[in-house]
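Trainee: I would like to go through this model with you. Can we take the ligand and then the charged pairs?

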Amino acid sequence: MQPVDFRRQLVLITGASSGFGVHFAQQFAARGADLILVARREERLRELADRLETGCGIAAHVVPMDLGRIDAGTALREELERRGLQPTSLVNNAGFASNGPFHELDQERLRREITLDVAALTDITRTYLADLRATPGNFLINIASIAGYQPTPRLAVYSACKAYVLSLTESLWYESRGTGLRVLALCPGPARTEFFDVAGPAAGGDLPAMDPEDVVAAALRRLDQKDPSPAIVPGPINKLVTRAGRFVSRRGVVTITGLITDRAHRRLD
Ligand SMILES: NC(=O)c1ccc[n+]([C@@H]2O[C@H](COP(=O)([O-])OP(=O)(O)OC[C@H]3O[C@@H](n4cnc5c(N)ncnc54)[C@H](OP(=O)(O)O)[C@@H]3O)[C@@H](O)[C@H]2O)c1
């Protein structure tokens, strides 16, 4: 497979105002890629864009937009076409979780979560997939999670959303063979971003939190490989967690993840 030539890339990053999105932007810019930065908080995107344009000599386009809609891909394409921008690669990173027993969580919030984490990601991918495949050496990265590998009580909807993202991305990896497009599901464990401010502090259970910079660096190293496999789980403990499920019954797996999240919840009480 042709290596990624970052200097000819215009990478669309959703959720670029904090966490992994910022680190993707920084690490792509350091390799010479131009960027399209999308999120709701415009001020943050502008600060990041200014810093990267000055520091790395790249072009960074700021697109403030709420992607929490099922036609997010169409809306984004209309806005980008209006500005004459056609991305070559895509990182579907925007997402959030809701921590707590399913029946206690706010119903409207759950609708927004599924819309952003699943529907918008799917629509943006469907909108741009043909363009991404047009030139060999482009890439699609979807951010799933280790929560996508097994059901996670207290994160039931989030875990199901990320199982969807992982499954979708692995299928697209297969369907994209021979097109020259690199397709990767990035499946982090807990990382020190604003994720837990939004989801609630117990959402990570007892797993150690990684530095988001290291998570993104691991994804880029995988992208550099000649023929990258469809999913990456950064961090040895996270890898162990995702593999342990293969040796336990489904009843066993959900009981273990339930006990872990119960314990994390009790500790905060
Ligand atoms: N951190 C972890 O422990 C962890 C672990 C596994 C997977 N993940 C996944 O990693 C991805 C990035 O999360 P993060 O950890 O970097 O968390 P974060 O710091 O909270 O970043 C989330 C990003 O998504 C954007 N976003 C949220 N709602 C949006 C909306 N309606 N429209 C547009 N953008 C929206 C936010 O920007 P605005 O608020 O400005 O819109 C922000 O830039 C998510 O998909 C998350 O599920 C995180």
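The questions below cover the ligand site, one helix and some salt bridges.

Mentor: This is a predicted model: local features need pLDDT of at least 70, side-chain atom pairs count only at pLDDT 80 or more, and totals for chains, interfaces and linings use all residues. Residues are numbered from 1 along each chain as its sequence is written, and side-chain values use heavy atoms, with hydrogens and water left out.

Trainee: Which backbone atom lies 2.8 Å from a nitrogen atom of the ligand?

Mentor: Take the polar contacts (pairs of N or O atoms within 3.5 Å). A backbone N or O atom of Gly15 sits 3.0 Å from a ligand oxygen. For a polar backbone atom of Phe20, the distance to a ligand oxygen is 2.9 Å. The nitrogen contact at 2.8 Å goes to a backbone N or O atom of Leu67.

Trainee: How much of the ligand does the protein bury?

Mentor: Areas come from the Shrake-Rupley method with a 1.4 Å probe. Alone, the ligand exposes 870 Å². The protein buries 95% of that.

Trainee: How do the residues of the shell divide into nonpolar, polar and charged?

Mentor: The shell holds 30 residues (a heavy atom within 4 Å of the ligand). Asp, Glu, Lys and Arg count as charged; Ala, Val, Leu, Ile, Met, Phe, Trp, Tyr, Cys and Pro as nonpolar; the others, Gly among them, as polar. The split is 15 nonpolar, ten polar and five charged.

Trainee: How many of the residues of α1 are buried?

Mentor: Helices are DSSP runs (H or I, at least four residues), numbered from the N terminus. Buried means under 20% relative accessible area, exposed over 50%, partly exposed in between (1.4 Å probe, protein chains only). Phe20, Val22 and Phe24 are among the buried residues of α1. The count is ten of twelve.

Trainee: How many residues apart in α4 are Glu108 and Arg111?

Mentor: Their side chains meet in a salt bridge (Lys or Arg side-chain nitrogen within 4 Å of an Asp or Glu carboxyl oxygen). The N to O distance is 3.0 Å. About one helical turn separates them, because their spacing in the helix is three residues.

Trainee: Which residue forms a salt bridge with Arg154?

Mentor: The closest N and O atoms are 3.2 Å apart. The pair links distant parts of the chain, 108 residues apart. Arg154 is buried at 18% relative accessible area, while its partner is partly exposed at 29%. That partner is Asp262.

How values were computed
A polar contact is a pair of N or O atoms within 3.5 Å; within protein, one must be able to donate a hydrogen and the other to accept it, and residues adjacent in sequence count only if both atoms are side-chain atoms. Helices (H or I, at least four residues) and strands (E, at least two) are DSSP runs, numbered from the N terminus.
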